[in-house]
Each structure stands twice: as structure tokens, then as C-alpha cells.
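Student: Could you take me through this one, starting from a single residue and then moving out to the sheet?

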Amino acid sequence: MSSVFTTPPPSFSNDEALTFLKNKFDISGTLEQLPSDRDQVFHVQGDADSYILKIYNSAEETSVVELQDAAAAYIMKSDKSILVPKSLQKARCIKKKNLTYHLRLTSYYTGSFLSEKSLETSDYFVLGEFIGRLTRALEQFNHEGANRSFLWDAARTDLIKGYLSYIPSKSDRDILNYFLHDFEINAQPVLSGLKRSVIHNDANYNNIILDDNNNITGIIDLGDMVFSNRCVEIATCMAYVAILEDSTYESLKSLLMGYLSIIDLNKKEIQCIVHIMCNRLCISVIMASWRRTLFPNNDYLTISLAPAWAFLRKLRLENFSLVKKKIIND
């Protein structure tokens, strides 16, 4: 069955996108195409303001597009200090060759991304605080679009295991099976009884915005939002921090402590976090290995592949229980 993961992303020309802007939003300007996984994203420089034009994958459900609009509005109402891609006009649709594409025009925020900053241990604590504020802002939010079976949901393994065959090396498959099994034994049995909420689900360093003073101000790309266990939010962020070149177990501990200063996770949630973090990295390498066979020219799909493998291989050679204690300070 086709999905956003198997359907080619939109590939409209700049001229076509400019026509959509004018006809659908009455805006003129110049365009710069930005990297994207399964959609097509443009930075629009208008006469007076800048915007983001997002053309969604033709396989994207309308409810998921509406989810992003509703979530952005809810977050900024709950915590006005968190910037997210808020729609400036109602979403529009276009059709081409019997395919329908949703269009959103959202705010553009100046600044830089967290990936451009060299981080100290104290910065990870601040990042954890920000993710905690994001969790708190979404705590009472719900939307039908988030109630979906989603491959990037690190609270489960059943959806991703069918793609293990895309890992050519048996030794690498053995590593993944080790961490997937570990998650199924040590985390999955208790997650069904733990608190759930809508989560952003992609708090990586290329999505987190900094202002001109290097303060974290917001987060972009709401396309992976899902109703899942709330502790998956910080575990997902930890997975991306784990694969940074200068990251250490102390960095992960600081990140978690920052989160816990805002969100009071119970002991069972905390005990699951490192297992979820590793499951997320397993999902990441499997997804990248599978989808690069479908779209070999999209380098964005494999941006985290090498560092994720490096971390998983390294961790497999260590005493996992001791590593876990270093991170969660149990």
C-alpha cells in the first residue's frame, strides 16, 4: 500500500511554486528550495516578509495536515515563548495528473539551527528544559490526525521489523535485533500503562531554532506528530543528541535532567527512556536503508545514518546496564 514513505515527494519547479503562491495566497517573491524528506519546502522572500511554503506529499492524509495547523496554534497559545510553523492563511489544495497536494504557507523565523552550534554540557540541560516545555504545551492537546500507526513511533517495534531485510549485513541485523528485543522485553510491556499524549516526535538538531543570541526559541517540522507515550518525546531527542560528534553519556544525562526539571516523569517512564532512545535509532537506520533504495538521489534521507550506526555499534560492545545507569542516574 502506498504511503508518504513510498510515494515520491513533490517536484514542482520554482516557476510552478511561484504560480501557486500568487494564485492561492496572493503573494509574490523569490524562492529557495530547502531540504526535505517526503515533502517539498520553499523559503519565500516576499516584498516585505519571509514565509515558508510547504507542498505536501500527495499521499499525506488531510487529517495530518490539519493536525499540524491545530497543533501549532495550540502550542503558541499554551506557551507563547515557543515558536512553531503557524499557518498564515488557510491551507490550500492543488491538483496535477489526478494527484492532490496540500499547500501551507507558514511563518518564517530568522536565526539558526541547533546543528550549527557547538554545545556544552549546560546547553543540553537547556535543550531538555525546552523539550519539557514543549511536552507541557501539548499536554491537553488532541487531534484525530495524531491517532495513527506511524513508522517513526518509537513506542513500538511491530511496524518497523518488516523492513529489517533492507539491512544487508547479518552482523548489523544482529545489532538491531538485539536492541529491538531489548526494547520489547524491558520497555514495551510497561508502556501501555504509562501516560500518553500528542508529541512532536522529531526534536532533532536540524529542527530546533536558535535566535541571534543562540537561545532556543522554537521548533519546526510538525509532520511526524503522533499520539504516543509522552516519554518518547525526550527519548527521541536523546537519540539525536547521542549521535552528535561531541556528545557523551554526560550530555544525555544533562539533557534528561533538564527535561525532568519541567516534566515529572514517574520511575517507570524514566526506566524506559534509554531503551526507547535505542529503538528510535534502530528505526532511523532501518528507515534510511529502506528508503534510499526507493529514492537514491535524496541525500536528506541518510543524513543521520552513519552516526546512528556508529553509536549503535559502539553501545553494543559496552555494558548496556552500566551505560543506562550513567544516563538516568538511577
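Student: Where does Leu88 lie?
Tutor: Leu88 is found in the loop between helix H2 (62–78) and strand S4 (92–96), where helices (H or I, at least four residues) and strands (E, at least two) are DSSP runs numbered from the N terminus. This is a predicted model, in which local features need pLDDT of at least 70 and side-chain atom pairs count only at pLDDT 80 or more, while totals for chains, interfaces and linings use all residues. Residues are numbered from 1 along each chain as its sequence is written, and side-chain values use heavy atoms, with hydrogens and water left out.

Student: And is Leu88 buried or exposed?
Tutor: Leu88 counts as partly exposed because its relative accessibility is 45%; buried means under 20% relative accessible area, exposed over 50%, and partly exposed in between (1.4 Å probe, protein chains only).

Student: Which residues does Leu88 touch, leaving out those up to four places away in sequence?
Tutor: Leu88 touches Tyr51, Leu105, Thr106 and Ser107, a contact being heavy atoms within 4.5 Å. Leu88 and Leu105 are 17 residues apart in sequence, and their C-alpha atoms are 5.9 Å apart in space.

Student: Now the sheet: what order do the strands take?
Tutor: Five strands form an open, antiparallel sheet in the order S1-S2-S3-S5-S4, with two strands pairing if DSSP finds at least two bridges between them. Strand S1 (29–34) and S4 each have a single partner strand, so one side of each is left without a neighbour in the sheet.

Student: How many bridges join S2 and S3?
Tutor: Strand S2 (residues 40–46) and strand S3 (residues 50–55) pair over six bridges in the antiparallel sense, and Gln45 has Ser50 as its bridge partner in S3.
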